[in-house]
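Here's a quick tour for anyone opening this entry for the first time. Take a look at the sequence and the model, and then we'll walk through a few spots together.

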Amino acid sequence: MEKAWYKEGIVYQIYPRSFKDSNNDGIGDIKGIIEKIPYLKDLGVAIVWLSPVYKSPMEDNGYDISDYQDIAPVFGDLSDMKKLIKELHKVKIKLVMDLVINHSSSEHDWFKKSVKRVGKYSDYYHWEDKPRNWTGFFGGKAWSYNEERKQYYLHLFSKGQPDLNWDNPELRSDIKKMITYWLELGVDGFRCDVINLIAKNNLHPRGRKRLILTGREHYLSYPNLHKYLHELNRDVFSKYDCFTVGETVFVSPKDGVLLTSPKRKELDMVFQFEHMDADNYFVKWFIKKFKPMNLKKPLSNWQNNVNEKGWNTLFLESHDQPRSINRFGSLAFHDESAKMLATMLYFQQGTPFIYQGQEIGMTNISFDNLEDYQDVETHNIYKLMRKMLFSKKRIMKKIKYVSRDNGRTPMQWDDSKNAGFSDQKPWLKVNPNYKDINVAKEHLDKDSIYNYYKKIIKLRKVYPVIVYGKYRDIDFNNKSLFIYRRYDKTNELIVLCNFTDKDYTMDKFEYKNHKLILSNYKENDDFVLKPYEARVYYK
Ligand code: TEU
Ligand code: CA
């Protein structure tokens, strides 16, 4: 299997708004990230994925871009960006930017010119005389009327995020120029936002009525997608030592191989979301009780069907997801379950992604007032559910569990005011548990979640079989344990995880000739796995 730096290194995702505020305006910024580079180095981070910092009206916190080649003043300026790249490279950390090219902001110059039908920009977006019945990712209609142009335009997300028309070669050429601009500045790769939505059915027929995302058959991994990805790779990415990870929604392992097979020269890896439905019925707002098998099945499915053909990513959290301890672990066994989840995940095959705060065990927020939530998706869904006559109480209960703000509360650096994130009232409230859960405290505790993550990151450097070994499930039908084997010709790792809050007695112990290289418990009984106990054996 082809070796590559982006297969070996740990990627750490930074949501800039919530990471570190250097100028005390209550909002994280680039200078704050530069301040924390020593922290990233200490953890063992190899690559930083930076969520958008471009010019934006911030309707979707920067995923609505109004200038792809300039920085939002709230985060800093281009000289800060160049300094960040330089300082990260100085300590051998690479930088991956967020590439949001399915849509721009309606404040983008291109959209303003498109509304006025100026030259080549007229067809940079999707315009129709009549709306389609499609619905969007944030609930509600996906086509809106523009009074000035007197036509409807497509926006799969918020109204301020019009979808770009990728069938237009002029648009594709401008996008390629913009990507080249960042690569020339020294950026080492891109996380491509909802990249499998970029190709639409240019006939715009009526969409099939569905519970969510009516009309998705006209843009979800549409055939032209592969043509456009191959074109980006051929004309831009292949000319640099860079890597691309696609955020691809509603894809199967089969799609995953099509998108990440090295032979096809499209993307290097993708984020898939099948395992993110482990606690919901297909739509995150329809919550169901988590069962370990609901996580094991999709993760194992992707391991068994993508390994050796394409390349996986390993993630449980991001700026779009609630915290994994609340979803798949246990607050009663907070530390044990956080460490177990990390063990379960990061010894699988694929590039590991850590989302800021995950490495110290940050948890969901629980605001009682809707006004305390800032996320556009949360507010849109609230309005939609009220129209569907859901009670306020019932909706708030869902929001507490599902809102993307659960993963966006300020990073908890220490137990000082605002968790050391800022001297000013932060844009989003700090989780009140910051006095117990913070970097400073965990740095000092050799048994902390932070130091457990450091051990995992170190082990990945010591045992290449973790990165390049094969994967096999063990005792797959076991509903309480997640056990798997990683191996190559001369090495074997066995990973055992108890996914329950009870002791689990194994009927046999097969690893007496193996060396225990990691566990989240100090004592390990041969036959009994304690609640959320994780072990890694090596031979
Ligand atoms: O997310 C796309 C996406 O699918 C998520 O919005 C997902 O539908 C939702 O979070 C499920 O709750 C990307 C970005 O990661 C997200 O932050 C942006 O809001 C979105 O695209 C639009 O750019
Ligand atoms: Ca700031």
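Let's start with K383, keeping in mind that this is a predicted model. K383 counts as exposed because its relative accessible area is 52%, and the cut-off for that word is over 50%. You'll find K383 in helix α12, which covers residues 376-387. K383 also has company: together with K141, K159, R206, K209 and K387, K383 forms a positive surface patch.

Now for a set of strands. Is strand β17 mostly covered or mostly open? It's mostly covered: β17 spans residues 481-487, and six of its seven residues are buried.

Strand β17 pairs with β16 and with β18. Here's how the two pairings look:

| Pair | Partner strand | Bridges | Direction |
|---|---|---|---|
| β16 and β17 | β16, residues 470-474 | five bridges | antiparallel |
| β17 and β18 | β18, residues 492-498 | seven bridges | antiparallel |

Which residues face each other across these pairings? On the β16 side, R472 stands opposite R485 of β17. On the β18 side, Y484 stands opposite V495 of β18.

The links between the strands are worth a look too. β16 and β17 make a hairpin with six residues between the strands, and D475 in that hairpin takes a positive phi near 50°. From β17, another hairpin leads on to β18 through four residues.

One general point helps when you look at strands like these: in a regular strand, side chains alternate between the two faces of the sheet.

Key:
Residues numbered from 1 in each chain as written. Chains lettered and ligands numbered in written order. Predicted model: local features only at pLDDT ≥ 70, side-chain atom pairs only at ≥ 80, totals over all residues. Heavy atoms only, no water. Patch = residues over 30% accessible without salt bridge, like charges linked within 9 Å, V, L, I, M, F, W, Y side chains within 5 Å. Areas by Shrake-Rupley, 256 points an atom, 1.4 Å probe, with all protein chains shown as cover. Salt bridge = Lys/Arg side-chain N within 4 Å of Asp/Glu carboxyl O. Lys, Arg positive; Asp, Glu negative; His and termini not counted. Charge placed at Lys NZ, Arg CZ, Asp CG, Glu CD. Helix = DSSP H or I, 4+ residues; strand = E, 2+ residues; numbered from the N terminus. Buried < 20%, exposed > 50% of the residue type's maximum accessible area, 1.4 Å probe, protein only. Pairing = 2+ DSSP bridges.
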